[in-house]
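Please open the model in your viewer and keep the selection panel at hand, as this tour moves from one selection to the next.

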Amino acid sequence: MKKISYLVAAALVCAAVAPICACTPDEGRNITTYDIAVQYDGQNTLTGSVKCSVYNDTENALDCLKFNLWGNAFREGAFNSPVPSAMQAQAYYGGASYGGMSITAVEGGQWQVCGEDENILEVALEGTLYPDERAEVTINYELTLANVNGRTGVAESAVNLGNFYPILCAYGQSGWLEYTYCPTGDPFVSAVANYTVSLTVPEDFTAAASGQLDGSSSSGGTTTFNYRLNSARDFAIVLSREFEVISREESGTNIYYYYTDDGEAESKLTIAAQSLKYFEEAFGEYPYPTLSVVQTGFYQGGMEYPGLTMISDDCDGQTALYTIVHENAHQWWYAAVGNDNYAHSWQDEGLAEYSALMFFENTPEYGLTKAGLLGSATKAYRAYFSVYSQLFEGVDTGMERTLSGFSGDYEYANIAYNKALLMFDAIRGACGDGHFLAALKSYYSEYKFAIAPPEGLMACFCRYADCEGIFDSFLNGKVII
Ligand SMILES: [Zn+2]
């Protein structure tokens with residue numbers, strides 16, 4: 001995600017029982033598959049079915065499966081608001097509005113909705129799911145969309161379908177990661193899977209989606225789009241009756257820019273293509289057949305999904321261009337190389353920020369220099385530190401904290417973005433430019449489609465230089481900036 005407030009500175013800168021079956025081939029890799037069919041009514045309701053063939057790639061025998069129900073964060077009475085308090089008025093453009101995700105039936109095991117904030121669907125398997133086996137679960141659900149310029153909701157100019165289906169929780173060292181929605185940051189952590197998605201909408205809607213369009217058909221005033229996307233850790237869609245779209249091929253990838261109101265659309269498509277090309281050359285091949293950059297109503301600057309980025313229609317000029325580059329960098333650092341961004345948000349946000357710096361450093365026509373971006377981040381961080389030092393005795397500037405450990409967006413932006421940017425620049429200084437780039441290439445190739453621990457990232461740099469002390473001083477809040 002990218003925050004508008006910081007952007008300004010940067011621009012100056014578990015029913016039945018699960019049959020457990022043998023592995024089935026899925027295009028060469030044994031990973032979980034989702035077969036999703038959803039219908040949108042053109043207003044506030046999405047009705048869907050998710051057939052999930054769960055491949056146990058853990059080293060543990062599993063008795064139950066757990067799915068995140070992110071859509072429940074938008075229900076009335078939710079424990080955490082999905083929108084920061086300072087952004088409520090901007091996000092809820094028509095006043096308070098609520099949504100929610102209701103599970104209507106599950107085939108595959110006894111089920112219940114649980115978790116700290118009704119955010120988890122638990123499916124208890126009848127038999128144990130051993131490593132390298134599969135269990136199949138079908139979940140029928142209804143998603144009510146709030147009227148909100150948020151990741152999931154009916155925005156003012158489009159319909160945002162991020163987190164629109166129950167998704168299998170990632171499995172960590174201590175079991176399922178049952179994270180709750182946070183008003184600060186992006187709490188979404190999931191393993192890669194292969195997707196087929198059938199989307200039915202009223203025929204006057206245009207759809208932007210994470211996946212490649214396999215075909216479409218029309219019937220009874222509706223259009224059904226069929227998509228496919230492999231090795232993706234999520235799937236998102238944005239719908240609008242107002243979309244215009246332009247496209248271009250770059251390095252074998254079809255890049256689309258969907259917009260509703262943009263007199264400088266070509267410049268957005270151009271920087272999307274330039275940044276994809278630069279990141280491919282710098283880090284490694286872009287992993288998906290298409291990339292859709294989508295202008296939509298969103299209370300923050302932008303939001304990343306595999307193969308799709310939402311860009312707020314509140315962004316314009318250099319801020320919009322910067323946001324596109326930052327979100328495109330997340331295709332490498334979040335989509336392909338995953339990390340636990342609830343616990344280690346600096347990992348992908350810091351890399352996305354530093355990747356944007358590298359792009360602008362190497363693409364001088366935009367007038368954003370390395371020195372300028374580092375200067376803006378330093379200035380913003382020092383201002384944060386000064387304010388928090390006055391407010392709190394012994395201000396904690398440690399970076400290793402969960403999203404719920406930040407006091408709000410201001411602190412989050414300065415720790416996970418600004419301070420992380422400065423940390424990666426210090427690492428670059430220690431490694432030298434060539435080795436720094438080589439380390440990023442190694443990180444991408446070693447952890448592509450995996451969830452990388454922070455130690456894995458650090459090790460890539462520490463091959464070239466003694467970086468442990470730098471990481472320690474930044475992450476543990478000892479460095480003076
Ligand atoms: Zn981001």
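The stops below visit a helix, a helix crossing and a loop residue in what is a predicted model.

Begin by selecting helix α8, residues 433-447. At 1.5 Å a residue its 15 residues should span 21 Å, and the end C-alpha atoms are indeed 21 Å apart, so the expected and modelled spans agree. Now show the side chains of Phe436, Ala439, Leu440, Tyr443 and Tyr444, which are buried in α8. If you look down the axis of α8, these buried residues fall within an arc of 135°, so they line one face of the helix. Add α3 (265-282), α7 (409-431) and α9 (454-462) to the view, since the buried residues of α8 pack against these helices. Just after α8 comes Phe449, with a positive phi near 70°.

Keep α7 on screen and select helix α5, residues 345-362, whose axis comes within 8 Å of that of α7 and crosses it at roughly 60°. The crossing of α5 past α7 is right-handed. Among the residues that make this contact are Trp346, Leu351, Tyr354 and Leu357 of α5, and Ile415, Tyr417, Leu421 and Phe424 of α7. The residues of the contact comprise eleven nonpolar, two polar and two charged.

Finally, go to Tyr93, in the loop between α2 (88-91) and β5 (100-107). Is Tyr93 partly exposed or buried? Tyr93 has 15 C-beta neighbours inside 10 Å, and therefore counts as partly exposed. Leaving aside residues up to four places away in sequence, Tyr93 touches Asn147, Asn149 and Glu156. A distance drawn from the C-alpha atom of Tyr93 to that of Phe164, 71 residues apart along the chain, should read 21 Å.

Note on methods:
Residues are numbered from 1 along each chain as its sequence is written. This is a predicted model: local features need pLDDT of at least 70, side-chain atom pairs count only at pLDDT 80 or more; totals for chains, interfaces and linings use all residues. Helices (H or I, at least four residues) and strands (E, at least two) are DSSP runs, numbered from the N terminus. The expected span of a helix is 1.5 Å times one less than its number of residues. A residue is buried if 20 or more other C-beta atoms lie within 10 Å of its own, exposed if 12 or fewer, and partly exposed in between; C-beta atoms are placed from the backbone. The arc is that of the directions from the helix axis to the C-beta atoms. Two residues are in contact if their C-beta atoms, placed from the backbone, lie within 7 Å. Axes are lines fitted to C-alpha atoms, for helices over the stretch in contact, and angles run from 0 to 180 degrees between N-to-C directions. A crossing is left-handed if the near helix is turned anticlockwise from the far one by less than a right angle, and right-handed if clockwise. Ala, Val, Leu, Ile, Met, Phe, Trp, Tyr, Cys and Pro count as nonpolar, Asp, Glu, Lys and Arg as charged, and the others, Gly among them, as polar.
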